[in-house]
Structure formats: C-alpha cells, structure tokens
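Trainee: Could you take me through one part of this protein in detail? I would like to follow the sheet and whatever packs on it, with a word on the helices elsewhere.

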Amino acid sequence: MKLPATLSNSVINGNGNQSVPSRLSSALSSPMHPNAFVLSDDEKVVLIAEKFAEIMEIMGLDLKDDSLSGTPERVAKMYIHETFQGLNPLNKPDITLFENNYAYGEMLVERNITVHSTCEHHFVPILGVCHVAYFAKGKVVGLSKLNRIVKFYSKRPQVQERLTEQIAAELKRSLQTEDVAVYLDAEHLCVKTRGVEDCSSSTVTSHYSGRFKDPDVRNEFLTAFKG
Ligand SMILES: [Zn+2]
C-alpha cells in the first residue's frame, strides 16, 4: 500500500496538520509523534509487512520459500494487534470502580502479574512479574483490572523505568488514591541472549507513594511476595 505523498511526509516527519486524538494524552510519556494515529491499524499492518519483507530480503532470505512467505504479514499483525497494542489509546482498559461495601481498609496486594513487554532499544522481549498494591479510598476495583492496566502499558516498546511509572500513574488515576505501590522484576532478553549474554540477572524497579512511603507499610507490601 502506498500513501499519498503529503500524508506520507506528514506521518514520517510528524509535521502534518492532522488532529491528535484527545485520548493520546492517556499515552503518558511514551515518545510518539503527533501523527501516530493518522493511519488505521489495518493500514499500519500493510505498511509494516512491506517494510519487514524488505528487511528479510536485505538479509538474503527467500520470501518465496513456503516457510518464510507469510512471515512479514505475521510479524506486522503481531506488532499492531499483540506486542504493541498498548500504543493505541483505544485499547486502554475501561476501569470500573465499585463501592467499598465491605469497608475493607487494609492493603490489597496483587502478586505475580505477568509482564510481557518489549525493550525499545533492541525490540526483544522483557519478561517479568509485577506486584501492585493499594489502599482503597472509598471505592474498590475488580482485580482483573489491575492485570489489564499492567498489560496495557507493557504492550509497548518500553524501558522498565517508564513502564513502572506508567503503571503507578494509571493506578493512582484509576483508583483515585495516592496510596499505591508497584514492584516490577523482569529479565531483559537483550541482556540474556545477546551482548553480555547474562542469563541470571534480573532488573527490579519500584514506585511507592502515599502511605507506601512509610517503611512499615512498604515492608508489609514487600513481605506479601518475598515472604
Ligand atoms: Zn535492550
């Protein structure tokens, strides 16, 4: 698929006049150009498949081979609909809060939330677990929504520090409280499978705010998953 020259230039240079969807603001600080959503997802799949086929051809691979012929489109669909679906604000989960009818006032911890993200420097996986906690301020949230928040921000090209901050910011906004904690422990395949090829290290990042700045409260959170 070929774009009209004007649109193509504006997309590439980021200097077009297309309006930015208001929900782009929910993308927080992931670096995106102003025309990030001029193209539809379907249009992006077509263009990425074309470009990925070029990369494979440059590498000398025979795209007529039965096993390789479908790879460019497969990769393009995976990027847009799975691996990087969190770039599109339209995929942001709707968070519904419920009245805290049971008057639960203690810490809620959800442990071992799966994190499948992608290192934005090498485009290889970041695999880890995220532990989150909060104190309800009047309202509570369905537990699976915590998983969905973690998943949404994970499904972007990321650095672990930004991912941690984005999850924390979204928890605060959604749960309407500053009393949140995030602890993310992840392996980076760019460290594990290339470069220094260190297979045993993992990286920990965290965010504590509100009541979690109290060392006792923080320790209660840490004990919940560290034992
Ligand atoms: Zn990397």
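Mentor: Happy to. Let me begin with a pair of helices: α2 passes α3 in a right-handed crossing. The residues that make this contact are D41, K44, V45, I48, A49, F52, A53 and M56 on the α2 side, and T71, P72, E73, V75, A76, K77, Y79 and I80 on the α3 side. Sorted by class, the contact has 11 nonpolar residues, four charged ones and one polar one. Helix α2 covers residues 41-58 and helix α3 covers residues 71-83; their axes are 8 Å apart and make an angle of about 135°. Angles over 145 degrees would count as roughly antiparallel and 65 to 115 as roughly perpendicular, so α2 and α3 are oblique to each other. Please keep in mind that this is a predicted model.

Now for the setting of the sheet. The protein has seven helices and seven strands, and along the sequence they follow the pattern α-α-α-β-β-β-β-α-β-α-β-α-β-α. Of its 227 residues, 26% count as buried. Among contacts with a separation of 6 or more, 66% come from residues 24 or more positions apart.

The sheet itself is open and is formed by five strands in the order β5-β2-β3-β6-β7, with mixed pairing. Its edge strands are β5 (157-158) and β7 (203-208), each of which pairs on one side only. Further in, β2 (residues 107-119) and β3 (residues 125-135) pair in the antiparallel sense over 10 bridges. You can pick out individual positions along that pairing: T118 of β2 stands opposite P125 in β3, and I113 stands opposite C130 in β3. The hairpin of β2 and β3 has five residues between the strands, and there F123 takes a positive phi near 55°. On to the next neighbour in the sheet: β3 and β6 also pair in the antiparallel sense, over nine bridges. Here L127 has E187 in β6 as its bridge partner.

Two helices pack on this sheet. Helix α7 (residues 215-226) touches β2, β3, β6 (180-188) and β7, and its direction makes about 65° with that of β2. Helix α4 (residues 143-154) touches β2, β3 and β5, and its direction makes about 25° with that of β2.

For a close look at a single residue in α4, try V150, which lies in that helix. Is V150 buried or exposed? It has 27 other C-beta atoms within 10 Å, and so V150 is buried, the cut-off being 20 or more. Leaving aside residues up to four places away in sequence, V150 touches I113, V115, C130 and I167. Two of these residues bring us back to the hairpin strands, as I113 and C130 are the pair that stand opposite each other across β2 and β3. One more distance is handy when you have the coordinates open: V150 and S117 are 33 residues apart along the chain, yet their C-alpha atoms are separated by 9.9 Å.

Notes. Residues are numbered from 1 along each chain as its sequence is written. This is a predicted model: local features need pLDDT of at least 70, side-chain atom pairs count only at pLDDT 80 or more; totals for chains, interfaces and linings use all residues. Axes are lines fitted to C-alpha atoms, for helices over the stretch in contact, and angles run from 0 to 180 degrees between N-to-C directions. Helices (H or I, at least four residues) and strands (E, at least two) are DSSP runs, numbered from the N terminus. Angles under 35 degrees count as roughly parallel, over 145 as roughly antiparallel, 65 to 115 as roughly perpendicular and the rest as oblique. A crossing is left-handed if the near helix is turned anticlockwise from the far one by less than a right angle, and right-handed if clockwise. Two residues are in contact if their C-beta atoms, placed from the backbone, lie within 7 Å. Ala, Val, Leu, Ile, Met, Phe, Trp, Tyr, Cys and Pro count as nonpolar, Asp, Glu, Lys and Arg as charged, and the others, Gly among them, as polar. A residue is buried if 20 or more other C-beta atoms lie within 10 Å of its own, exposed if 12 or fewer, and partly exposed in between; C-beta atoms are placed from the backbone. Two strands pair if DSSP finds at least two bridges between them.
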